[in-house]
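Here's a quick tour of the structure, written for someone who would rather look at side chains than at statistics. Keep the viewer open as you read.

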Amino acid sequence: MVLTKSFYSPFKHLNRWNILRCFHVSRSVNCVRVRFAPSPTGQLHLGSLRTALYNFLYAKANNGKFILRIEDTDQTRKVPGAVENLCNILQWASVHPDEGPFSGGDYGPYVQSERLHLYQKYIETLLQNGTAYKCFCSQKRLDLLRKEALRNRETPRYDGRCRHLSDEERQDKLQKGIPYVVRLKLVQLAEPFDDLVYGPIEIDLTENEGDPVLMKTDNYPTYHFANVVDDYLMKITHVLRGVEWQLSTPKHLMIYQAFGWTPPKYAHLPLIMNNDGTKLSKRQGDIHVEHFMKLGYYSEALLNYITLPGGGFTKTDSEVLKLDELVKNFNLSTVKRTSGRLDPAHLDRLNQMFIQRKIADGAINELTEKIRKIIISKYSGNLSLDLQLDDLSTEYLKQILCWCQNRISRLDELAGSDFEFLWLKPDKIDISNIDISNPLEVLQSCIECVRNMDTFDESSVGSEMRKNAKNMNVKFAPYMKFLRMCLSGLKEGPSVGEIMTVLGKSKTLERLKHASCICEEKESARSRTEN
């Protein structure tokens with residue numbers, strides 16, 4: 001691939017291209033039609049979701065239409081249920097197609113295996129105008145050509161043998177019933193094509209490729225042929241796809257040229273890489289969108305996350321935007337040309353920011369209901385549970401949410417071991433490594449201290465606990481470790497003042513009394529043993 005050089009100076013060339021690029025992407029037109037065309041071969045991964053998102057954003061930013069098309073011409077790789085799963089994910093992400101297999105439209109069917117009659121019609125057009133031909137070469141001959149090329153250290157390609165068959169030779173093979181494919185007569189493009197992201201691109205396919213197959217022996221089209229026919233018939237105006245498809249674009253343009261059709265504008269998006277610089281792979285379970293859905297990430301956070309490597313927005317990496325705000329901020333002229341890496345820590349931060357934004361926007365009731373369901377699912381039936389699951393106080397949940405919004409990145413973390421103390425009374429009090437010689441007396445004194453407190457905030461609690469430790473002639477550090485253990489069962493974690501205030505005065509007293517009972521039982525058991 002060679003970036004075409006300009007007759008102007010390098011700086012003039014850059015300015016000229018930037019002006020051209022901005023002209024293409026900034027004009028708002030009513031006829032913009034883009035498509036997301038995945039193959040139903042498995043789970044949707046982050047790279048594909050990014051492609052769907054950018055097409056959606058470009059359509060909405062230009063008052064256009066976003067089309068979903070299923071490219072299933074390779075029936076051997078089709079996975080049952082993949083289409084339904086794909087549509088469920090787009091629904092979850094609110095990336096809703098205006099046209100598609102389930103939403104309908106004027107240019108259907110939107111599944112390629114239901115459009116075979118159209119491909120047969122249009123392949124005949126190319127055969128008749130002489131830009132394509134029937135190739136009768138057997139697979140055995142093609143394999144021999146490949147082996148010979150590799151032996152000579154050449155790029156394997158078809159040698160064009162059937163391209164030069166006479167009408168008589170061609171008719172003779174047809175009468176003998178010899179299977180054939182249909183190939184395109186490859187020609188060199190007259191000029192480079194303009195990529196709305198990368199600029200003018202010149203690729204000469206004739207240097208490394210033979211005539212490509214358009215129609216296979218089973219009468220199914222190849223990806224390239226069906227792709228072009230469908231884009232034309234569905235009136236696609238812009239094609240936004242991954243940069244890995246850039247090498248195929250000249251081939252697609254040649255097919256357009258063979259038909260005499262005007263091609264759409266092409267914009268190729270930079271690669272998304274793993275944090276270690278390796279390419280994303282479908283074999284990675286942690287890049288599938290379902291993986292993040294099951295972990296409880298918000299779709300808005302995930303959408304913001306996949307915009308980080310490729311750019312295209314005026315927002316900063318520390319902002320999390322809702323979908324309508326992404327539409328308003330999207331600008332194809334600012335999409336990067338270099339690949340970018342995904343850092344999982346950024347996703348956690350974005351999800352945390354989205355939770356904080358929902359709290360600030362007054363959606364706290366929605367969040368508390370989700371927390372309620374998470375806690376019920378996790379702890380239902382647990383005998384140690386410190387509250388009635390059917391009557392989780394909304395105010396208590398709000399208090400917890402406001403307290404922990406800077407501590408969690410996902411709501412389901414509240415059901416993890418670090419936050420169990422919010423829901424469970426400690427069933428064990430381990431003070432073996434805490435320098436407290438009279439635990440029952442300390443607890444009774446602390447209970448009385450808490451009961452007499454009129455103000456119950458973190459500052460007041462801390463101050464009163466310090467006074468109480470001094471009155472009991474107990475060192476403050478072990479005293480607070482002991483109280484943390486009694487209240488939460490944790491050896492380390494939030495401060496005692498934080499734990500008490502988030503639990504509230506009433507629940508704090510309940511926990512201290514519960515701990516007192518456990519310590520009393522331990523004392524009784526020790527006495528019986530000694531006796």
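Leu483 touches Cys446, Met465, Val496, Met500 and Leu512, leaving aside residues up to four places away in sequence. Leu483 is also one of the residues with the most contacts inside the largest nonpolar core, along with Phe225, Leu422, Trp423, Met465 and Met500. That core has 147 residues, and its largest share, nine residues, comes from H2. There's a second, separate core too, of eight residues, including Tyr133, Cys135, Leu165 and Val181. As a general rule, nonpolar side chains in soluble globular proteins tend to be buried together.

A word on trust before going on. This is a predicted model, with a mean pLDDT of 89 for the chain and 92% of residues at 70 or more. The exception to keep in mind is residues 1–29, where pLDDT stays under 50. The model does give that stretch 50 contacts beyond four places in sequence, but where pLDDT is low, the predicted coordinates should not be read in detail.

**A helix on the inside**

Now find helix H7, residues 223–233. Eight of its eleven residues are buried, so the helix is largely enclosed by the rest of the structure. The buried ones are His224, Phe225, Ala226, Asn227, Val228, Val229, Asp230 and Asp231. What do they pack against? Their neighbours are strands S2 (33–36), S8 (213–215) and S9 (238–242), plus helices H4 (116–129) and H8 (249–259). Phe225 ties this helix to the core described above, being among the residues with the most contacts inside it.

Asp231 of H7 has a charged partner: its side chain meets that of Arg35 in a salt bridge, 2.9 Å from N to O. This pair links distant parts of the chain, with Arg35 in strand S2 and Asp231 in helix H7, 196 residues apart. Both residues are buried. They also belong to a network of salt bridges that links Arg35, Arg69, Glu71, Arg115, Asp230 and Asp231.

**More salt bridges**

The whole structure has 26 salt bridges. Here are three of them, including the one just described.

| Pair | Closest N to O distance |
|---|---|
| Arg35 and Asp231 | 2.9 Å |
| Arg141 and Asp159 | 2.6 Å |
| Arg170 and Asp167 | 3.0 Å |

The Arg141 and Asp159 pair runs from helix H5 to the loop between H5 and H6, with the two positions 18 residues apart in sequence numbering. Asp159 counts as partly exposed because its relative accessibility is 42%.

Arg170 and Asp167 are a local affair: both lie in helix H6, three residues apart, about one turn of the helix. An α-helix has 3.6 residues a turn, so residues three or four places apart point the same way. The two partners sit in unlike surroundings, though. Arg170 counts as buried because its relative accessibility is 18%, while Asp167 is exposed because its relative accessible area is 57%.

**A buried arginine without a salt bridge**

Which side chain of opposite charge is nearest to Arg50? It's Glu244, but at 6.4 Å, and Arg50 has no salt bridge even though it is buried. Arg50 is found in helix H2, residues 46–61. A polar atom of the Arg50 side chain lies 2.4 Å from the backbone oxygen of Pro270. Beyond its sequence neighbours up to four places away, Arg50 touches Leu269, Pro270, Ile272, Ile306 and Gly310.

**Backbone oddities**

Most residues other than glycine have a negative phi, and most peptide bonds are trans. A few spots here go the other way. Arg153, in the loop between helices H5 (139–151) and H6 (167–175), has a positive phi of about 60° without being a glycine. Arg153 is exposed because its relative accessible area is 81%. Asn473 also takes a positive phi of about 60°, in the loop between helices H16 (458–471) and H17 (476–488). Asn473 counts as exposed because its relative accessibility is 72%. Back at the enclosed helix, Lys235 takes a positive phi of about 60° just after H7.

Finally, look for the cis peptide bond between Gly108 and Pro109, where omega is about 0°. Pro109 sits in the loop between helix H3 (82–92) and H4.

Conventions: Residues are numbered from 1 along each chain as its sequence is written. This is a predicted model: local features need pLDDT of at least 70, side-chain atom pairs count only at pLDDT 80 or more; totals for chains, interfaces and linings use all residues. Side-chain values use heavy atoms; hydrogens and water are left out. pLDDT is the predictor's confidence in each residue, from 0 to 100. Contact means heavy atoms within 4.5 Å. Helices (H or I, at least four residues) and strands (E, at least two) are DSSP runs, numbered from the N terminus. Buried means under 20% relative accessible area, exposed over 50%, partly exposed in between (1.4 Å probe, protein chains only). Lys and Arg count as positive and Asp and Glu as negative; His and the chain ends are not counted. A salt bridge is a side-chain nitrogen of Lys or Arg within 4 Å of a carboxyl oxygen of Asp or Glu. A polar contact is a pair of N or O atoms within 3.5 Å; within protein, one must be able to donate a hydrogen and the other to accept it, and residues adjacent in sequence count only if both atoms are side-chain atoms. A nonpolar core is a set of buried Ala, Val, Leu, Ile, Met, Phe, Trp, Tyr and Cys residues joined through side-chain atoms within 4.5 Å.
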